[in-house]
Amino acid sequence: MDDLTTTTGFYGEEEEPQEDAFADWPLLRIVSTTVERAERERVALGNRRKAIERNNAELPERAKKYLDAAEAASLMVEESVEKLLADVAKQDTVCQWVARLHGLSWPLAGRLRGWLDVEGRPTAGAFWRFAGLDPTQHKPKKGEKCSYARRLKALVCFRVGSQIWKQRT
C-alpha cells in the first residue's frame, strides 16, 4: 500500500519526496562556475611552468617554490570546491538521475546541471539549441555573437561524451 510520504524512484526503489527538487539550481551554477575557474587557473599555472621549461630558462629557487605552492593551493581549492559541488549535486533530483548514467560522476552531473535551467527551457530541443547541438542552428561568423553557450557545448560534447564513451555505454 502506497502512502503519500514516499515515491517510486527511477529503478523502483522508494524515495522520500523533496519539497522543491530544483531549488539548488542557482547554487549549482555558482559552484560549477567556481570549479571551472579553479580548473582553468590550475591549468594556466602548469602551462606557465611548461613554457619556462621549454625556453630552457633557469628559474630561481624562490620562483620554483612559488610555482609549486601556487599549483598545490590551486589544486586544493579545485578539489574542495569539486567536493562541495558533489555534495550539492546529491541533493538535486536531476543530478541524481544524471549520476545514475554509467560513467558520470557527481561533480560532472553537478556541472552539467549548473548549466541547465529546467524551468527556463520547455522542451528537449531547447536544451539542445542552448548547448549548440541543434543541427539547424547557423554557425556564428567571425565577430558575431554566438547564439549558444560555448562552455556548455565543450562540457557536453567533450567531458560528458568522453566519459560515456570511455565506459562504452
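**Notebook: a look at helix α4 and its surroundings**

I started with the whole chain: 30% of its 169 residues count as buried. Note to self: this is a predicted model.

Next I looked up the layout. I found 6 helices and 2 strands. Reading from the N terminus, the order is β-β-α-α-α-α-α-α. I also checked the contacts between residues at least 6 apart in sequence, and 56% of these join residues at least 24 apart. For the surface, I noted that the chain exposes about 11,800 Å², with carbon and sulfur atoms supplying 57% of that.

**Entry: α4**

How many residues of α4 are buried? I got 9 of the 10, so α4 is largely enclosed by the rest of the structure. My list of buried ones runs Pro-107, Leu-108, Ala-109, Gly-110, Arg-111, Leu-112, Arg-113, Gly-114 and Trp-115. Then I asked what these buried residues pack against. The partners turned out to be α1, α2 (61-89), α3 (93-99), α5 (124-130) and α6 (150-167).

**Entry: α1 against α4**

I picked out one of these pairs, α1 (residues 25-54) with α4 (residues 106-115). Their axes are 8 Å apart, and the helices pack at an angle of about 115°. The crossing of α1 past α4 is left-handed. On the α1 side I wrote down Trp-25, Leu-28, Arg-29, Ser-32, Val-35, Glu-36 and Glu-39. On the α4 side they meet Gly-110, Arg-111, Arg-113, Gly-114 and Trp-115. Sorted by type, the residues of this contact come out as 4 nonpolar, 3 polar and 5 charged.

While scanning the α1 list I jotted down a reminder: an α-helix has 3.6 residues a turn, so residues three or four places apart point the same way.

**Entry: Glu-39**

Is Glu-39, in helix α1, buried or exposed? Its relative accessible area is 16%, and the cut-off for buried is under 20%, so Glu-39 counts as buried. Skipping residues up to four places away in sequence, I saw Glu-39 touch Glu-78, Arg-111 and Arg-159.

**Entry: the core and Leu-28**

Last, I looked up the largest nonpolar core, which has 20 residues. Leu-28, Leu-112, Leu-152 and Leu-155 have the most contacts inside this core. At least two of its residues come from each of α1, α2, α3, α4 and α6.

I followed Leu-28 further, since it had already turned up in the α1 list. Leaving out neighbours within four places in sequence, Leu-28 contacts Leu-85, Val-88, Ala-89, Asp-92, Cys-95, Gly-110, Arg-113 and Gly-114.

Definitions and conventions: Residues numbered from 1 in each chain as written. Predicted model: local features only at pLDDT ≥ 70, side-chain atom pairs only at ≥ 80, totals over all residues. Heavy atoms only, no water. Axes fitted to C-alpha atoms, helices over the stretch in contact; angles between N-to-C directions. Helix = DSSP H or I, 4+ residues; strand = E, 2+ residues; numbered from the N terminus. Left-handed = near helix turned anticlockwise from the far one by under 90°. Contact = heavy atoms within 4.5 Å. Nonpolar A, V, L, I, M, F, W, Y, C, P; charged D, E, K, R; others polar. Buried < 20%, exposed > 50% of the residue type's maximum accessible area, 1.4 Å probe, protein only. Core = buried A, V, L, I, M, F, W, Y, C linked by side-chain atoms within 4.5 Å. Areas by Shrake-Rupley, 256 points an atom, 1.4 Å probe, with all protein chains shown as cover.
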